[in-house]
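Thank you all for coming; I would like to take a few minutes to walk through one model with you. Please have the sequence and the coordinates open while I talk.

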Amino acid sequence: MRVPADRSLADWVRCLIHDDKLYKFYQTSDWRDLRAAVMEDHHNECEFHKDREDLPIDKRYARADTVHHEFEVKKRPDMALTRYVDEPDGTRREVLHPLCNDCHNIVHGRKLMGNPNKRNPVTEEWW
């Protein structure tokens, strides 16, 4: 399956979002080919794992299993297949990042880092 040629990518993705079928975008060969290129260029390594200060140095490698859009597809459907952006200073920056599931959840705020026993202990003030 490919992105339809008879309409813009952004319009098609907006329709998928409206119909709650965004998964169809991720099944296209256009996305799968781009995803594979990003993963290959980064040797299937999680880009953020090496910078995680909550992990010991010897644990700062993880195999990537997803490619994260810096510009979320639901907010910027026009950038769904954009790998690089040009900065005002003339540099080029990659906006697709290979991540492991753990780092992807952290980036999206779906998971807290650190020791769960040290986070927000329940006290009488909470009740």
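Which residues do ring pairs link into a cluster? They are Phe 25, Tyr 26 and Trp 31, and I should say at once that we are looking at a predicted model, so that what follows is computed from predicted coordinates.

Let me take that cluster one pair at a time, bearing in mind that the structure holds three aromatic pairs. In the pair of Phe 25 and Tyr 26, the ring centres lie 5.0 Å apart and the planes meet at 75°, and because an angle over 60 degrees counts as edge-to-face, that is how this pair is classed. Tyr 26 also pairs with Trp 31, again edge-to-face, with 5.6 Å from centre to centre and 90° between the planes. As for exposure, Phe 25 has a relative accessibility of 0% and counts as buried, and Trp 31, at 4%, is buried as well, whereas Tyr 26, with a relative accessible area of 32%, is partly exposed.

Now to the overall layout. The protein chain has four helices and four strands, and from the N terminus on their order is α-α-α-β-β-β-β-α. Of its 127 residues, 32% count as buried, and the accessible surface comes to about 8900 Å², with 48% of that belonging to carbon and sulfur atoms. If we take the contacts between residues at least 6 apart in sequence, 61% of them join residues at least 24 apart.

Helix α1, residues 9-18, deserves a closer look. Its buried residues are Leu 9, Ala 10, Trp 12, Val 13 and Leu 16, and, seen down the helix axis, they fall within an arc of 165°, so they line one face of α1. These buried residues pack against α2, residues 23-26, and after the helix comes Asp 20, whose phi is positive, near 55°.

That brings us to the largest nonpolar core, which has 16 residues, and in which Leu 9, Trp 12, Val 13 and Phe 25 touch the most other members. Helices α1 and α3, the latter spanning 29-41, each supply at least two residues of this core. Apart from it lies another core, of five residues, including Cys 46, Ala 62, Leu 99 and Cys 100.

One last detail concerns a charge and a ring: the charged end of Arg 76 sits over the ring of Phe 71, 5.8 Å from its centre.

How values were computed. Residues numbered from 1 in each chain as written. Predicted model: local features only at pLDDT ≥ 70, side-chain atom pairs only at ≥ 80, totals over all residues. Heavy atoms only, no water. Buried < 20%, exposed > 50% of the residue type's maximum accessible area, 1.4 Å probe, protein only. Contact = heavy atoms within 4.5 Å. Areas by Shrake-Rupley, 256 points an atom, 1.4 Å probe, with all protein chains shown as cover. Arc of directions from axis to C-beta. Core = buried A, V, L, I, M, F, W, Y, C linked by side-chain atoms within 4.5 Å. Phe/Tyr/Trp six-rings, centres within 6.5 Å; stacked < 30°, edge-to-face > 60°. Lys NZ or Arg CZ within 6 Å of the ring centre and 35° of its normal.
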